[in-house]
Amino acid sequence: KEKGSVLFANIILLFWFGASILEYQYTGFVFNKNRLDDMNIFIILASTIGVALLWSVTNWALCTLQDGKGTFREIWINFAYSRMTYLITILPIILLSNLLTSDEGFFLNIIIYCVNIYSILQLVLATKAAHQYTMKKTVFSILLTLLGCVLVIMVILLFVSLFAQLWSFISTISQEIMMRV
């Protein structure tokens with residue numbers, strides 16, 4: 001109903017990026033499987049803002065072909081708003097991870113799973129409302145969107161590999177020319 005704000009959605013996604021960094025670094029050592037010295041901010045950026053962009057572009061492209069009514073703006077806002085539950089609960093989860101023992105980690109996992117399921121449910125219902133689909137067509141479009149995301153990632157990896165090989169070829173040729181001169 002045009003109630004969402006792109007600015008607020010962008011702020012939510014920036015907070016999601018920041019919260020992911022906090023989660024990576026400050027989760028209790030009992031539950032933290034990450035090596036803190038191996039933190040790569042670009043991987044965290046790709047797994048937050050990149051995922052939002054990938055989902056929004058792919059969903060918009062595929063649902064446009066399926067007569068979906070949602071615009072890219074609505075899809076972007078819906079994705080960002082569906083992450084609000086995560087943002088609200090991540091700080092208490094980080095605090096609990098520093099207080100609980102490994103035996104009590106079951107409760108922490110239940111909270112995390114419930115938050116993720118609720119966020120996915122919010123995204124499904126928002127996608128249904130934005131495109132004005134039935135639930136059956138919504139599930140089908142989400143499955144197509146996930147398949148489209150995998151295909152986009154494969155094409156990106158293919159281009160990165162191709163350009164890396166091209167760069168290697170050009171640098172080898174230039175080294176050969178320099179050696180001959």
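**View 1. Welcome to the surroundings of Trp16 in this predicted model.** Setting aside neighbours within four places in sequence, Trp16 touches seven residues that you can pick out one by one: Ser47, Thr48, Ala52, Phe79, Arg83, Tyr86 and Leu87. Keep Trp16 in mind, as the next view returns to this residue.

**View 2. Here is the largest nonpolar core, a group of 20 residues.** Trp16 is among the residues with the most contacts inside this core, together with Leu13, Ala52, Trp55, Phe79, Tyr86 and Leu87. Five helices contribute: α1, α2, α3, α4 and α5 each provide at least two of the core residues.

**View 3. Now take a look at helix α3, which spans residues 72-82.** Its buried residues are Ile75, Trp76, Ile77, Phe79, Ala80 and Ser82. You may recognise Phe79 from the contacts of Trp16. The buried residues of α3 pack against α1 (6-26), α2, α4 (84-99) and α5.

**View 4. Finally, meet the crossing of helix α2 (residues 41-65) and helix α5 (residues 105-131).** The axes of these two helices come within 12 Å and cross at roughly 40°, so α2 and α5 are oblique to each other. Their crossing is right-handed. On the α2 side, the contact is made by Trp55, Asn59 and Cys63, and on the α5 side by Leu123, Thr127 and His131. Sorted by class, this contact of α2 with α5 has 3 nonpolar and 3 polar residues, and no charged ones. Trp55 links this view to an earlier one, being among the residues with the most contacts inside the largest nonpolar core.

Definitions and conventions
Residues numbered from 1 in each chain as written. Predicted model: local features only at pLDDT ≥ 70, side-chain atom pairs only at ≥ 80, totals over all residues. Heavy atoms only, no water. Axes fitted to C-alpha atoms, helices over the stretch in contact; angles between N-to-C directions. Helix = DSSP H or I, 4+ residues; strand = E, 2+ residues; numbered from the N terminus. Parallel < 35°, antiparallel > 145°, perpendicular 65-115°, else oblique. Left-handed = near helix turned anticlockwise from the far one by under 90°. Contact = heavy atoms within 4.5 Å. Nonpolar A, V, L, I, M, F, W, Y, C, P; charged D, E, K, R; others polar. Buried < 20%, exposed > 50% of the residue type's maximum accessible area, 1.4 Å probe, protein only. Core = buried A, V, L, I, M, F, W, Y, C linked by side-chain atoms within 4.5 Å.
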